[in-house]
Amino acid sequence: MTSLSRLTPPFAPGTVWLVGAGPGDPGLLTIHALNALAIADVIVYDALVEPNVLSYAREGAALEFAGKRGGKPSAVQRDICERLILLAREGKRVLRLKGGDPFIFGRGGEEALALAEAGIPFRIIPGVSSGLASLAIHGVPATMRKTNHAVILATGHPAPDSEIEWASLARTGAPIVLYMAVSSLPGIVSALLAGGLAGNTPALAVHGATTAKESVVEATLETLPKLAEEGLIRSPAIVAIGAIAAFRSTIANHLLEFGSEAAQ
Ligand SMILES: C[S@@+](CC[C@H](N)C(=O)[O-])C[C@H]1O[C@@H](n2cnc3c(N)ncnc32)[C@H](O)[C@@H]1O
């Protein structure tokens, strides 16, 4: 039998790997991510990386938290980039582990840019993004022939001084998969209604997908803000809005529950 470790390229000292940890369940780690966990000297991880994923780290590896926790301010992005560069220059094998996919609303792009500018050799290992995993495990296809030919991934938390043209997104008719949007749902929903989306457009919210804290709420576009206000939709959550969300009621009928013991 081929050894799975042979599938992964060498993790050289003095390099950084920017790796997606998936939505939570270690079963959704890639083989490259798992092998990197077993080799890295230092693992710099974000708040949405589940402890049971970190449990696959090599014994003796240094674990450094670089996220937002308990209402405390986030680690400043510039400091994280500088830390990665410093650790690499010290000759460490640096694993930068981020929830989901590092390049989807994960600021992985900024870190890659900083490493490139600093001349640090690095590798990017994609991960399963929570936006797609949250839908799939609940029987919602992100694309369904004859239903949609495009899907929009959007953040509810744009960069300062940036605005999202929700009404324009609504007019495309493509389903919208929202990240980081729970606290902004009232404004987003009003703007989507103003853009012509019907109030009864199906919606689905998944909190803590593939983790022990997971909860799922079926909704419509217009009921989303109230459900969030009542605490039935909680962060971190993915909120999907569009006809695809309705497939859950039929597809999920005989869908086996997702999850491994390791996710608990
Ligand atoms: C900073 S973004 C990171 C997204 C990540 N890079 C990805 O590809 O999934 C954080 C947001 O991702 C979503 N998220 C991450 N993990 C999740 C999970 N297990 N279940 C539901 N939503 C999740 C939430 O919307 C959360 O606010």
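Student: Is Asp161 buried or exposed?
Tutor: Keep in mind that this is a predicted model. Look for Asp161 in the loop between strand 6 and helix 6 (166-172). Exposed means over 50% relative accessible area. Asp161 has a relative accessible area of 85%, so the word for this residue is exposed.

Student: What is the phi of Asp161?
Tutor: Asp161 is not a glycine, yet its phi is positive. The value is about 65 degrees.

Student: Where is Lys146, and what is its phi?
Tutor: Lys146 sits in the loop between helix 5 and strand 6. With 78% relative accessibility, it counts as exposed, because the cut-off is over 50%. Lys146 isn't a glycine either, and its phi is positive, near 75 degrees.

Student: Which residue does a cis peptide bond join to Ser235?
Tutor: Check the omega angle there: it is about 0 degrees. The partner is found in the loop between helix 8 (224-229) and strand 10. That residue, joined to Ser235 by the cis bond, is Pro236.

Student: On to the ligand! Which residue has a polar backbone atom 3.0 Å from a nitrogen atom of the ligand?
Tutor: Let's go through the backbone contacts one by one. A nitrogen atom of the ligand is 2.7 Å from a polar backbone atom of Ile104, and an oxygen atom of the ligand is 2.7 Å from one in Ala237. The 3.0 Å contact with a ligand nitrogen belongs to Gly99.

Student: How much of the ligand's accessible area does the protein cover?
Tutor: Start with the ligand on its own, which has 560 Å² of accessible area. Of that, the protein covers 89%.

Student: Which elements give two or more residues to the shell around the ligand?
Tutor: There are 19 residues around the ligand, and Ile104, Ser129, Ser130, Ala209 and Ala237 come nearest. Now see which elements give two or more residues to that shell: they are helix 5 (130-136) and strand 10 (237-241).

Student: How many residues of that shell are charged?
Tutor: Sort the shell by type: 11 residues are nonpolar and seven are polar. The number of charged ones is one.

Student: What is the accessible area of the nonpolar patch formed by Phe105, Leu132, Leu153 and Met180?
Tutor: Take Leu153 as one of the members: it lies in strand 6 (residues 152-155). Leu153 has a relative accessible area of 31%, so it is partly exposed. Patch members need over 30%. Together, the four residues have an accessible area of about 320 Å².

Technical notes
Residues are numbered from 1 along each chain as its sequence is written. This is a predicted model: local features need pLDDT of at least 70, side-chain atom pairs count only at pLDDT 80 or more; totals for chains, interfaces and linings use all residues. Side-chain values use heavy atoms; hydrogens and water are left out. Patches are made of residues with over 30% relative accessible area and no salt bridge: like charges are joined within 9 Å, nonpolar side chains (Val, Leu, Ile, Met, Phe, Trp, Tyr) within 5 Å. Accessible areas come from the Shrake-Rupley method with a 1.4 Å probe; for residues, only the protein chains shown count as cover. A salt bridge is a side-chain nitrogen of Lys or Arg within 4 Å of a carboxyl oxygen of Asp or Glu. Helices (H or I, at least four residues) and strands (E, at least two) are DSSP runs, numbered from the N terminus. Buried means under 20% relative accessible area, exposed over 50%, partly exposed in between (1.4 Å probe, protein chains only). A residue is near a molecule or strand if one of its heavy atoms lies within 4 Å of it. A polar contact is a pair of N or O atoms within 3.5 Å; within protein, one must be able to donate a hydrogen and the other to accept it, and residues adjacent in sequence count only if both atoms are side-chain atoms. Ala, Val, Leu, Ile, Met, Phe, Trp, Tyr, Cys and Pro count as nonpolar, Asp, Glu, Lys and Arg as charged, and the others, Gly among them, as polar.
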